Amino acid sequence: MTRADLSEVLHRSARSEAEFLFDDTVTALDQDGGGVDVTFRRSAPRRFDLVVGADGIHSTVRRLAFGPERQFASDLGLYNATVPLEPDAVDDPSEMTMLTVPNRMLVVHPSRTTPLAIFTFRAAQLVPHDRKNTALHKRTVADAYADVRWRAPELVAAFLDHPAPFFDPLTTIRVPSWSRGRVVLLGDAAAATALLGDGSSMAMAGAYALAEELADRPGEHAHAFAAYESRLRREVGPRQRRVGLLSRLLVPRTRPGLAVRNAVGRAVGRTNRATSREAANR
C-alpha cells in the first residue's frame, strides 16, 4: 500500500475531527510552561498545548526543538530512489518483481493505481546530500544502473523523464530522548530504521500508543510522553539493532553474498508456506 493511498484513507477518516493545513510548514517553536507558540511559513502563528513532530526522517520539528539532523542521523551507505510508472508497467498487480546484482537492487512494485520502480543501491562515490538537486539524483541513478540489464534501461528512462522523482540516502535516526518539554517526536522523526518500508506502520503504532498514554494521564504530558517512549522503544530497538545486517543482506556487495541472501529467502519462504498450511489445517 503506497503512502499516498494511506494518507488519503487517514485524511478521509480524520478530517471531521481535526484541522488540516496543507502546503505549509513550521518555521519556529517557542515553548513555555503553558504551551508552544508555533510560527508557520504561510499561516498565522498559533499556540498549542503540545506539538507532535511526525514529519519524517528530515523532521523540521526535530531540528527546531532538538538540534541539527546530523546529531541523530547515520547513513547506511545505501540510496533509495523511486519513480511512478504507467499502470500497464506491471503484468500482475498482485506480484512484486525484483532483480538484484551486487550493490544494486531494482524492484517493480504494484499498487492500487500507480506502480513504482524502486532503485536501492550503493553509489561508486558519495552523493552530496542535496535534496533539491534533481539533476544530480538522476545522473547518480543512471550511472549506478548503466550496466544492469532486464528492465533497467526502461525504468531508468522513466526516472530520468520524471520532473520530480524521489531520491534519498537510507538513514537511521536515533534520538536519545523523544520529548523535550511540550514537544514530542513520532515515527521516523524519532527512530527511523529506513528499511523494508515499515516506517508508516511504526508511526501509526506510535500514534496509537501516544494517544492512549495522553488519554490515561490528562494534564500530565511529561509522564505520558515517557510511557509512550518506553512502549515504542521496545518495538523499534530490535529493528535498529539489526538494520545494518539487514541492509547488507538486502543488497549484497558480492555474488556469493547474493547467493546467501537468495538461499535465506528461499528458506524463509518454505517456512512461511509450511506455517500457512499448518494453520489452514487446524
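Student: Which residues does L185 touch, leaving out those up to four places away in sequence?
Tutor: Bear in mind that this is a predicted model, where local features need pLDDT of at least 70 and side-chain atom pairs count only at pLDDT 80 or more, while totals for chains, interfaces and linings use all residues. Residues are numbered from 1 along each chain as its sequence is written, and side-chain values use heavy atoms, without hydrogens and water. Taking contact as heavy atoms within 4.5 Å, L185 touches G53, S59, V61, R62, F66, V175, W178, A190 and Y228.

Student: Which element gives the largest share of the largest nonpolar core?
Tutor: A nonpolar core joins buried (under 20% relative accessible area) Ala, Val, Leu, Ile, Met, Phe, Trp, Tyr and Cys residues through side-chain atoms within 4.5 Å. In this one, of 28 residues, F66, V175, W178, V183, L185 and Y228 touch the most other members. Helices are DSSP runs (H or I, at least four residues), numbered from the N terminus. The largest share, four residues, comes from helix 7.

Student: E229 sits in helix 7 too; is E229 buried or exposed?
Tutor: Beyond four places in sequence, E229 touches P176, S177, W178 and S179. Its relative accessible area is 11%, so E229 is buried.

Student: How are helix 6 and helix 7 oriented to each other?
Tutor: Helix 6 (residues 199-216) and helix 7 (residues 221-241) pack with their axes 8 Å apart, at an angle of about 155°. Axes are lines fitted to C-alpha atoms over the stretch in contact, and angles run from 0 to 180 degrees between N-to-C directions. Angles over 145 degrees count as roughly antiparallel, so these two helices are roughly antiparallel.

Methods. Parallel < 35°, antiparallel > 145°, perpendicular 65-115°, else oblique. Buried < 20%, exposed > 50% of the residue type's maximum accessible area, 1.4 Å probe, protein only.
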